[in-house]
Amino acid sequence: MSSELPVNGVAPAGASSPVDLPRIEAAVREILLAVGEDPDRDGLVETPGRVARAYAEVFSGLHEDAGELLATTFDLEHDELVIVRDIDIYSTCEHHLVPFHGRAHIGYLPGPTGKVTGLSKLARLVDVYAKRPQVQERLTSQVADALVDHLDVQGVIVVVEAEHLCMSMRGVRKPGATTITSAVRGALRDPTTRAEAMALLTGGAR
Ligand SMILES: Nc1nc2c(ncn2[C@@H]2O[C@H](COP(=O)(O)OP(=O)(O)OP(=O)(O)O)[C@@H](O)[C@H]2O)c(=O)[nH]1
Ligand SMILES: [Zn+2]
């Protein structure tokens, strides 16, 4: 495969990348020196370059636009709840720059025009916001707001369940603790509809 082709929707960081790879490399070299490592030893020589490419990938959402992503719609004349559950998320905690990972569940009620988006776009939308320095609450709201702003929807519900490695591998050291956040917009704020959507989203239909 050509190295110019996007992999999993992520453009490779190259000459056209908006990310300043040499700057990340220099910074990583400094970090290695600061923690007492030798950045010139065999195993570490290539590390600053690898980290730069990895950061370009995990922060690629900074250069992606939800409106563009959700521009492809089609008419389905479906005005009942649509739910996509268990979308894997890998994001980066903006406080410690370590990962948080888990699952997102998205539900929406299409609006009167019946214009819906492809299901894969919902999963891609999560990545637009997950692949940035983030907090889980903002990630959850941004996904919900993008669906309200760019699609014709009567209501939206987004639930994110994640484990934060900043709470597992360091600091308070509580592996397995799960943080659950939700964002509800429009008609799904109605208590009955919300309860039904929440049950479907988080396992009620399993
Ligand atoms: N609300 C929220 N908090 C987060 C998220 N990710 C990390 N945090 C928290 O951000 C807080 C940062 O706290 P600080 O006291 O400034 O940093 P710290 O000394 O490294 O804190 P500890 O993690 O408790 O060691 C911690 O309590 C983290 O658990 C998130 O997505 N949402
Ligand atoms: Zn953190």
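## Strand 3 and its partners

In this predicted model, 11 bridges tie strand 3 to strand 6 (residues 153–164), and the two run antiparallel. If you want a spot to look at in that pairing, try I106, which sits opposite V158 of strand 6.

Strand 3 (residues 99–110) also pairs with strand 2 (residues 82–93), again antiparallel, through 9 bridges. Here I89 faces G102 of strand 3. Strands 2 and 3 make a hairpin with 5 residues between them. In that turn, L97 has a positive phi of about 55°.

## The nonpolar core

The largest nonpolar core counts 32 residues, and V143 and V158 have the most contacts inside it. Quite a few elements chip in with at least two residues each: strands 2, 3, 6 and 7 (179–186), plus helix 4 (119–130), helix 5 (136–150) and helix 7 (191–202). Strand 6 gives the most, with 7 residues.

Leaving aside residues up to four places away in sequence, V143 touches A104, I106, L125, V126, Y129 and V158. As background, nonpolar side chains in soluble globular proteins tend to be buried together.

## Helix 4

Does the length of helix 4 add up? At 1.5 Å a residue, its 12 residues should span 16 Å, and the end C-alpha atoms are 17 Å apart, so the two agree.

Buried residues in helix 4 are K121, L122, L125, V126, D127, V128, Y129 and A130. Their cover includes helix 3 (66–69), helix 5 and strands 2, 3, 4 (115–117) and 5 (133–134).

Terms used:
Residues numbered from 1 in each chain as written. Chains lettered and ligands numbered in written order. Predicted model: local features only at pLDDT ≥ 70, side-chain atom pairs only at ≥ 80, totals over all residues. Pairing = 2+ DSSP bridges. Helix = DSSP H or I, 4+ residues; strand = E, 2+ residues; numbered from the N terminus. Core = buried A, V, L, I, M, F, W, Y, C linked by C-beta atoms within 7 Å. Buried ≥ 20, exposed ≤ 12 C-beta atoms within 10 Å, placed from the backbone. Contact = placed C-beta atoms within 7 Å. Expected span 1.5 Å × (residues − 1).
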